[in-house]
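Visitor: Could you take me through one part of this protein slowly, as you would for someone in their first year? I would like to see how the pieces around it fit together.

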Amino acid sequence: QVQLVESGGGMVQAGGSLRLSCAASGRTVRMYAMGWFRQAPGKEREIVSSIRWPGGNTYYADSVKDRFTISRDIRKNTVYLNMNSLKPEDTAVYYCAVQQIGAFDYDSWGQGTQVTVSS
């Protein structure tokens with residue numbers, strides 16, 4: 001199993017920036033992808049961004065495209081989410097997740113970090 005710990009959440013005003021990080025431990029050698037999900041009050045969890053561990057291919061939800069940037073540090077087994085031009089609708093708990101090689105979907109999750117954007 002993979003253990004994930006998120007950090008970097010907080011409160012910012014609209015238009016501000018935050019950088020989330022997620023450090024992985026365990027069977028990181030067999031990671032296929034890492035992703036960021038978020039869940040706002042009363043809403044279903046949605047994928048925000050993801051990055052392939054081999055190759056570094058990235059995906060962004062339309063709602064965050066051109067504002068958020070995902071990156072990885074292979075040596076540190078860490079994924080980052082740089083969030084710019086934040087909007088109140090970005091307010092949510094953000095979760096880091098891992099998809100392992102051979103798995104059909106994400107199977108390991110962090111505890112979540114709160115991001116609050118005020119207007």
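Visitor: Which residues are linked in a network of salt bridges?

Guide: Happy to show you, and please keep in mind that this is a predicted model. The network of salt bridges links R38, E46, R67 and D90. A search of the whole structure finds 3 salt bridges, so let us visit them one at a time.

Start with R38 and E46. Their side chains meet in a salt bridge, with 2.9 Å from N to O. The two partners sit in unlike surroundings: R38 has a relative accessible area of 6%, and because buried means under 20%, R38 is buried. E46, at 35% relative accessibility, counts as partly exposed.

Now turn to the other partner of R38. The side chains of R38 and D90 also meet in a salt bridge, again given as 2.9 Å, N to O. Here the chain brings distant parts together: R38 belongs to strand 4, while D90 lies in the loop between strand 8 and strand 9, 52 residues apart. D90 is buried, with a relative accessibility of 1%.

From D90 you can step on to R67. Those two side chains form a salt bridge of 2.8 Å, N to O. This pair, too, joins distant parts of the chain, since R67 is in the loop between strand 6 (58-60) and strand 7, 23 residues from D90. Both D90 and R67 are buried.

Next, follow R38 into the strands. R38 stands opposite Y94, a residue of strand 9. Strand 4 (residues 31-39) and strand 9 run antiparallel and are joined by 8 bridges. Strand 9 has further partners: it pairs with strand 11 (residues 113-118) in the antiparallel sense over 3 bridges, where Y94 stands opposite T113. Strand 9 also pairs with strand 10 (residues 108-109), antiparallel over 2 bridges, and there W109 is the bridge partner of A97. With 8 of its 9 residues buried, strand 9 is largely enclosed by the rest of the structure.

Y94 leads us inward as well. The largest nonpolar core has 28 residues, and Y94 is among those with the most contacts inside it, together with M34, W36, V79, L81 and M83. Among the elements that give two or more residues to this core are strand 3, strand 4, strand 8 (78-83) and strand 9. Look at L81 for an example of the contacts: leaving aside residues up to four places away in sequence, L81 touches Y94, W36, V48, F68 and I70, among others.

Strand 9 holds one end of another link, too. A disulfide joins C22 to C96, with 2.2 Å from S to S. C22 is in strand 3 (residues 18-26) and C96 is in strand 9 (residues 92-100), so the link spans distant parts of the chain, 74 residues apart. The angle about the S-S bond is -85°, which makes the link of C22 and C96 left-handed. C22 counts as buried at 0% relative accessibility, and C96 counts as buried at 0% as well.

To sum up your close look: R38, E46, R67 and D90 make up the salt-bridge network, R38 stands opposite Y94 in strand 9, and Y94 is one of the residues with the most contacts inside the largest nonpolar core.

Methods:
Residues are numbered from 1 along each chain as its sequence is written. This is a predicted model: local features need pLDDT of at least 70, side-chain atom pairs count only at pLDDT 80 or more; totals for chains, interfaces and linings use all residues. Side-chain values use heavy atoms; hydrogens and water are left out. A disulfide is a pair of cysteine sulfur atoms within 2.5 Å. Helices (H or I, at least four residues) and strands (E, at least two) are DSSP runs, numbered from the N terminus. Buried means under 20% relative accessible area, exposed over 50%, partly exposed in between (1.4 Å probe, protein chains only). Two strands pair if DSSP finds at least two bridges between them. A nonpolar core is a set of buried Ala, Val, Leu, Ile, Met, Phe, Trp, Tyr and Cys residues joined through side-chain atoms within 4.5 Å. Contact means heavy atoms within 4.5 Å. A salt bridge is a side-chain nitrogen of Lys or Arg within 4 Å of a carboxyl oxygen of Asp or Glu.
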